[in-house]
Amino acid sequence: MILFQLFFSFLKIGFTSFGGMSMIPLINSEMAAHGWMTVTEVSDIVAIAEMTPGPLGLNCATFAGMRVAGIFGALAANLGILGPTFSLCAAAAFAFEKFKDSTLLKGVLTGVRPVGIGLVAGVILNLICTNYGTLSHIMWGNVAIAALCMLLLLKYKMSIPKVIGIAAALGLLQFAAFGIA
């Protein structure tokens, strides 16, 4: 019975919140309403969930479910918190499949593609300007680090974690030597 309660509690949280920090009051109220945890215990779980990689809601569901009912509790809470996302994705996939030959959908997707490309190009341009400077002021040290990283990745097939480590070390050296990043 407790597994169903965990599932439905986190399903309700998933459907009524917008993710992230907006879930915390709902998690607090659900845990307190069922007598599973105190506000202090939920606060501790939120702190742990913030420190671990992954979405806050999913991490909280895992830790809370585990605390309340062990591994099966964590599984039930995770299925509950993921329920809204799964249902919306399944509905979108069904709609795309059903209307894939629709001229209206094709027209919408034809318009969305260039917008998506423009958004990605805008982000890339913004990152280039932030990390490598503008046309009037180019940060040559950063450009050299980026070129070296591309060379290590493409020509020497070095692993990404190693290249990230090398780039971080070079960036720190550059900052220590010149005070610029």
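Helices (H or I, at least four residues) are DSSP runs, numbered from the N terminus. The model is predicted: local features need pLDDT of at least 70, side-chain atom pairs count only at pLDDT 80 or more, and totals for chains, interfaces and linings use all residues. Residues are numbered from 1 along each chain as its sequence is written, and side-chain values use heavy atoms, without hydrogens and water.

**Exercise 1.** Find which helices supply at least two residues each of the nonpolar patch.

*Solution.*
- Step 1: take the rule. Patch residues have over 30% relative accessible area and no salt bridge, and nonpolar side chains (Val, Leu, Ile, Met, Phe, Trp, Tyr) are joined within 5 Å. Areas come from the Shrake-Rupley method with a 1.4 Å probe; for residues, only the protein chains shown count as cover.
- Step 2: list the members. Ile 2, Leu 3, Met 66, Ile 71, Phe 72, Leu 75 and Leu 79 make a patch of about 670 Å².
- Step 3: assign them. Helix 1 (2–16) and helix 4 (56–98) each supply at least two. Helix 4 gives the most, five residues.

**Exercise 2.** Work out which parts of the chain the Lys 12–Glu 30 salt bridge ties together.

*Solution.*
- Step 1: apply the test. A salt bridge is a side-chain nitrogen of Lys or Arg within 4 Å of a carboxyl oxygen of Asp or Glu.
- Step 2: check the distance. The closest N and O atoms of Lys 12 and Glu 30 are 2.7 Å apart.
- Step 3: place the partners. Lys 12 lies in helix 1 and Glu 30 in helix 2 (residues 24–34), so the pair ties together parts 18 residues apart in sequence.
- Step 4: classify Glu 30. Buried means under 20% relative accessible area. Glu 30, at 10%, is buried.

Methods
Patch = residues over 30% accessible without salt bridge, like charges linked within 9 Å, V, L, I, M, F, W, Y side chains within 5 Å. Buried < 20%, exposed > 50% of the residue type's maximum accessible area, 1.4 Å probe, protein only.
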